[in-house]
Every structure is written in structure tokens, then in C-alpha cells.
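Open the model in your viewer and keep the sequence panel beside it. The stops below say what to select and what is there.

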Amino acid sequence: MTVARSPRALVPVLLFVGTVVAVISSLGAPLVPAIAATMGTSLPNAQWSLTVTLLVGAVATPVVGRLGDGPHRRTVVLVVLAVVTAGGVLAALPLGLGWLVAGRALQGVGLGLTPLAIATAREALTGQRSRSTIAALSITVVAGVGLGYPLAGLVAELGGVHAAFWAGAAVSAAAFAASAAVLPPSAAAPRRPLDVVGALLLGAGVAGLLVALGQAGTWGWASPLLLATAGGSVAALGAWVLWEVRTPHPLVDVRLARGRVAFSAHSAALLVGLSNYLLLTAVPVLAQAPASPGAGLGASIVVAGLMLLPFSAASVVAGRLTARARPELVLPGAALVQGGAFLLFAVLRTELWQLFLVMAVAGLGVGAAFAAFPALVVAAVPPSETGSAMSLNQVLRYVGFAVGSALTATVLAGATAGPGAAPSGSGYTALAGIGAAVCAATAVVAGLAGRQRPSRPAPGGPGARATGVPAR
């Protein structure tokens, strides 16, 4: 077993890295209206400051995981944190929207760090300390979002949009310094080849889908360019699946989605991620829009960021309460609770307290769902395939996040009268309807898992060590 250079400091450093990942991933959301105003651009264009981070994260997660799977994990973590810091600096410089989006893309590479932090905890720590650290790392993914939104809002309120990205760069630089001082070298392990073709096909497929969604309002839903982009995206994703099935060293082993339980868990991860980001991106826009019944509250960036505190708190509470419950029952219920949040959003959005309530209810659903995913996935595959199966689940979650972000921008753009105008209430009502429908579909898909109970539930909740046997 590898021993940490500073064992007492390892746990807080790993948790710090996990929190940085969550903060960086959500840093752009409350700033989207301010970015649009500062850069003199539309909301859909500004939305790419969030969408591109999630897109890159979807591809970077398995790539970074594979690169850090061998003896060079510590080096990979440090290189990724350096790239994230450079991206923060690039986004912070007043160079225009294109450079800001490029910087946010570099920051998206950091979304692949959480699996490496979990692997380090599993290898360098023992017993209960290892299990508790892994569980805490899984919670930081949600809790860090609630921390990042208000902090980003506060810094932007005091110093402007670019100051928020300077703060993000400083935090990631601190994580780099702490990791360089504390992270141990990983144990010697054979390295598998990196599936470059798989990474390129996945990136092209997801990027094409997001571009098609983002430009639908501009190009027209029936335009040849949109249809060609969407068709190329579908073809690339189809080719990716075929390649991953046949290559001896796949980037993501899609074969692990076979079987009713595994298929339900992975499909639900995509859908929950999509519906989750419909609210996470729409609520800050609504809160900051000029005061209008059902279409804007005229709040500051700080207040818009605070909307995520009840979301994160409720997510953590729900995750802990449902950690020992049967996941095949938790997941459909979680989807219905999240659907309830969209129904509330459809009728209650004229006061700040109503948005706080909506986000708290959404947090209960999302937190319970995220707690159920690891247990379902672990119980549906052999112990030796746990890492690959969780990687697939994480990739689908990030794809759902990115699609939800792009879809929100498209729907709100369709409900905007013209340049400089705020989206009308009909856009938010449409998002509420879409979100409720997605949650209903999630409940149906998740219900398939309940009809074939996993052989053995994963002990210890999220991130626990796999000790189950494959589902039959």
C-alpha cells in the first residue's frame, strides 16, 4: 500500500480537490446573465461558458481516469490542476467571449479529478477512514455546487465577472500547491492503452448534439444545416458505441450497460443529469431578470447564487437518509420528487421564497438519485468492473448536464422577444413542462430496476468499496 507523504493532511486535501472540481463545474451558471451583459451577447451564447465545461468534462472524465489508472496518478492530478488553473486565468482575462469559453473548456478537464481522488483514498487510506473519505468525496460533488454559486455571485458583485474567474484560478492554484505537497505516488500497476479514437468519437458526437441544440433557434429546427449537424452527431455516437464494443481497451465499456438493472441506472443518470441542469441554469436567469410576474425577480448575482444553498443542503440530507434504503425503490421515488419541483416551478416563481422552495425540493430528488446510482451500478456488475461501470455512469451524468444546459438556453432564447430583452414567462413554463416529462420518463426507466432486484446492495452508500456479486 502506498503511504501518503503527510497522512493527516491527505484527507482534507482530497476533499479540497473534490470541492474545487464541483465549484469549477458550476462557476459559470450564476454568471451567465452577467457574462451576456458584459460581453454584449445573447444568453444562448453566454450559456456556452457553462455548457462547454460540462461537455469537456464528459470526455475528460474517462480519459483522465485512464491516464491516472497506472503508476502516474499523482502526476496526472497535478497536470490536470495546472490546466484548470491556466483555464481560469484565460477566462479571467478581458479578451472577449471566445477566449472566456476556451478558458472554461480547459477548466472542464478538471471534472475528471474526482474518480482519481476516490482511487487515491481507496489506495492510501485504510478501514473506516478510507470508507468515510470516499463517501465524503461523493457528497462534495453536490455540496460544492451550492458553495460555488453564492461565492461566484459575491465575487462578481464586488469585482465583476472577470474577478469571479480570477478567484476560481486562485482556488485551483491552491489545490495544485496542496496536492503537490501531500499526494503520495500511486502503487505500481499496469497501464492500459488510451482509447484515442473512442475519445474523439465521443467528443464529436456530444459536441455536435450540443451545437445543434444551441443553434436551433438561429438556424431553424428544419434547416439543412441543423439536420446535418444532428445527423452527424448521431452517426458519431453510433460509431462510438460500435467502437467501444469491439476495441480491446475501450475508453468506456458500454457493454456494462447490458442487463435491466445496469441499463436502468445508466439511463436514469443521463435523464436526471438533464433535468437537474434545466433548473440549475434557468433559476439564476429568472432570479436576475428584470422584475416581471413569473418572468423575473430583479435580484442580484449574490441572491441568485444563494438559490443553490437549499438545493445542496437538501441533496446532502437526502443522500444520507436514503443511503441504506433499497436503491431500486429510491430511484423512481427520487425522480417523482424532482418532477414535483418542476410542477412547483410552473406555478410558483413570483417570489424569492418560492424559488428557494423549488430548489430545496429539487435537491431532495437529485440527492436521493445520486445516492442510489452507485449502489445499483455496483450490484449489477462483477466487482472487477466497478470502476469502469461507474465511469460510464459519470460520463452519462455529465452528458445529461451539458444537454440540460444547452436545452435551457435554446428554450429561453425562443421565448425572448429580441436582442437585449429578457425571456418571457412562457419560456420558464415550457422548461417546467419539459422537466416534469423527463422526470416522469426517469421514474418509468428507474422502475425497471425494481422489477429485478440486484443480487446484493452496495454497502456503505455512495462510493463504497464493491463487495457485491453480479446481478443475474
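One definition comes first: a helix here is a DSSP run of at least four residues, and helices are numbered from the N terminus. A cavity is a set of points where a 1.4 Å probe fits but cannot get out, and its lining residues have an atom within 4 Å of a point. The model itself is predicted.

**Whole chain**

Show the protein chain as a cartoon. There are 17 helices and zero strands to find in it. Of the 472 residues, 56% are buried. Now switch on the surface: about 17500 Å² is accessible, and carbon and sulfur atoms hold 70% of that area. Among contacts with a separation of 6 or more, 80% are between residues 24 or more positions apart.

**Helix H5**

Select residues 97-108, which form helix H5. How far apart are its end C-alpha atoms? They are 16 Å apart, and this agrees with the expected span because twelve residues at 1.5 Å a residue should also give 16 Å. Next, colour the buried residues of H5: Leu 97, Leu 100, Val 101, Gly 103, Arg 104, Ala 105, Gln 107 and Gly 108.

**The second largest cavity**

Rolling a probe the size of a water molecule over the atoms shows where empty space is left. The structure holds five cavities of 30 Å³ or more. Go to the second largest cavity, with a volume of about 60 Å³. To see its lining, select Arg 73, Arg 74, Val 77, Thr 120, Glu 123, Leu 183, Pro 184, Pro 185 and Ser 186. Two elements give two or more residues to this lining, helix H4 (73-92) and helix H6 (113-124). Which helix gives the most? H4 does, with three residues. Coloured by class, the lining shows four nonpolar, two polar and three charged residues.

**The second largest pocket**

The last stop is an open space rather than a closed one. The second largest pocket holds about 650 Å³. Select Ser 42, Leu 43, Pro 44, Thr 416 and Ala 421, which lie nearest its centre among the 28 lining residues. Then highlight the elements that give two or more residues to the lining: helix H2 (32-39), helix H3 (43-67), helix H9 (196-219), helix H11 (260-288) and helix H16 (386-414). How many residues of this lining are charged? None are; the lining divides into 15 nonpolar and 13 polar residues.

Conventions:
Residues numbered from 1 in each chain as written. Predicted model: local features only at pLDDT ≥ 70, side-chain atom pairs only at ≥ 80, totals over all residues. Heavy atoms only, no water. 1 Å grid on protein atoms, 1.4 Å probe; cavity = no way out; pocket = protein on both sides within 12 Å on 5 of 7 lines; lining within 4 Å. Points joined across faces, edges and corners; volume = space filled by probe spheres on them. Nonpolar A, V, L, I, M, F, W, Y, C, P; charged D, E, K, R; others polar. Expected span 1.5 Å × (residues − 1). Buried < 20%, exposed > 50% of the residue type's maximum accessible area, 1.4 Å probe, protein only. Contact = heavy atoms within 4.5 Å. Areas by Shrake-Rupley, 256 points an atom, 1.4 Å probe, with all protein chains shown as cover.
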